[in-house]
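Biologist: I have the sequence and the model open side by side. Could you walk me through the fold with me asking as we go?

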Amino acid sequence: MTEMRIDELMTLEEQGWAALSRGEGPDFYEEMLADDAVVVVLDKAQTLASWDGVPPWEGYELVKRHEAALGDAAVVVYDVTARRPLKTPYRATASSTYVRRPGGWRLVLHQQTPWA
C-alpha cells in the first residue's frame, strides 16, 4: 500500500475520532459509513443510534500498527486511547476496512477490541 493511501485512511480515522470528540460522530459517520457497513455486530442505523446521549471523547490518540491494500479497498489497524470526563481511559486495538466508491473512501467494516 502506498504511504499516501495509508496516510489518507489514517486521516479519515483521525477525523472520525475528532468528530466523536466534538459530539458530531453521528453526522460524520452518516456520510462516512457505506450504506452496507457493519460495525462488527451493528449495522449503520444501530451504530448511529448507539451514540445517542453518550458524552463526547475529550481526547484521543491513535497509533498506527498495520495496513493492507486489498485492490480498491484497504484495512488499517491501530491502537487507540480515548478519554471521557471522569472516566478511566478507553484503550483498544481497532481495525477499519475502507472501499473506494464514487465520491471517495467509505468505511465498510469497523471493529474494536478493548484491552483487558
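Biologist: Let's start with a turn: how many residues lie between β5 and β6 in their hairpin, and which residue in the turn has a positive phi?
Modeller: Bear in mind throughout that this is a predicted model. The hairpin of β5 and β6 has two residues between its strands, and G103 in that turn has a positive phi of about 95°.

Biologist: And how do β5 and β6 run, with how many bridges?
Modeller: They run antiparallel and are joined by ten bridges; as one example of the register, A92 stands opposite P114 in β6.

Biologist: Zooming out, what is the strand order in the sheet?
Modeller: The sheet is open and has six strands in the order β2-β1-β6-β5-β4-β3, with mixed pairing. Its edge strands are β2, residues 42–43, and β3, residues 59–70, each of which pairs on one side only.

Biologist: What joins β2 to the rest, then, and in which sense?
Modeller: β2 is joined to β1 by two bridges, and these two strands run antiparallel; V38 is found opposite D43 in β2.

Biologist: At the other edge, how many bridges do β3 and β4 have?
Modeller: β3 and β4 pair over eleven bridges in the antiparallel sense, and K64 has Y78 in β4 as its bridge partner. The two strands also form a hairpin with two residues between them, where G71 in the turn has a positive phi of about 70°.

Biologist: What about the β4 and β5 side, how many residues are in between there?
Modeller: That hairpin of β4 and β5 has six residues between the strands, and L86 in the turn has a positive phi of about 60°. The pairing itself is antiparallel over ten bridges, with V75 opposite T97 in β5 and A73 opposite V99 in β5.

Biologist: Is β4 mostly covered or mostly open?
Modeller: β4 is mostly covered, since ten of its eleven residues are buried.

Biologist: Switching to the core: which residues have the most contacts inside the largest one?
Modeller: Y29, Y78 and Y98 have the most contacts inside the largest nonpolar core, which has 30 residues. At least two core residues come from each of α1 (3–21), α2 (25–32), β1 (33–39), β4 (73–83), β5 (90–101) and β6 (104–114), and the largest share, seven residues, comes from α1. As a general tendency, nonpolar side chains in soluble globular proteins are buried together.

Biologist: Staying with Y29, what does it touch?
Modeller: Leaving aside residues up to four places away in sequence, Y29 touches G16, W17, L20, K44, L48, W51 and L107.

Biologist: New topic, pockets: how much space lies in the largest one, and which residues are closest to its centre?
Modeller: The largest pocket holds about 400 Å³ of space. It is lined by 21 residues, and those closest to its centre are L20, V39, W51, H110 and Q112. Two of these, L20 and W51, also appear among the residues that Y29 touches.

Biologist: Which element gives the most to that lining?
Modeller: β6 gives the most to the lining of the largest pocket, with four residues, while α1, β1 and β6 each supply at least two.

Biologist: And how does the lining split by class?
Modeller: The lining of the largest pocket has 14 nonpolar, five polar and two charged residues.

Key. Residues are numbered from 1 along each chain as its sequence is written. This is a predicted model: local features need pLDDT of at least 70, side-chain atom pairs count only at pLDDT 80 or more; totals for chains, interfaces and linings use all residues. Side-chain values use heavy atoms; hydrogens and water are left out. A nonpolar core is a set of buried Ala, Val, Leu, Ile, Met, Phe, Trp, Tyr and Cys residues joined through side-chain atoms within 4.5 Å. Buried means under 20% relative accessible area, exposed over 50%, partly exposed in between (1.4 Å probe, protein chains only). Contact means heavy atoms within 4.5 Å. On a 1 Å grid over the protein atoms alone, a cavity is a set of points where a 1.4 Å probe fits but cannot get out, and a pocket is an open set with protein on both sides within 12 Å along at least five of seven lines; lining residues have an atom within 4 Å of a point. Grid points are joined across faces, edges and corners, and a volume is the space filled by probe spheres set on the points. Ala, Val, Leu, Ile, Met, Phe, Trp, Tyr, Cys and Pro count as nonpolar, Asp, Glu, Lys and Arg as charged, and the others, Gly among them, as polar. Two strands pair if DSSP finds at least two bridges between them.
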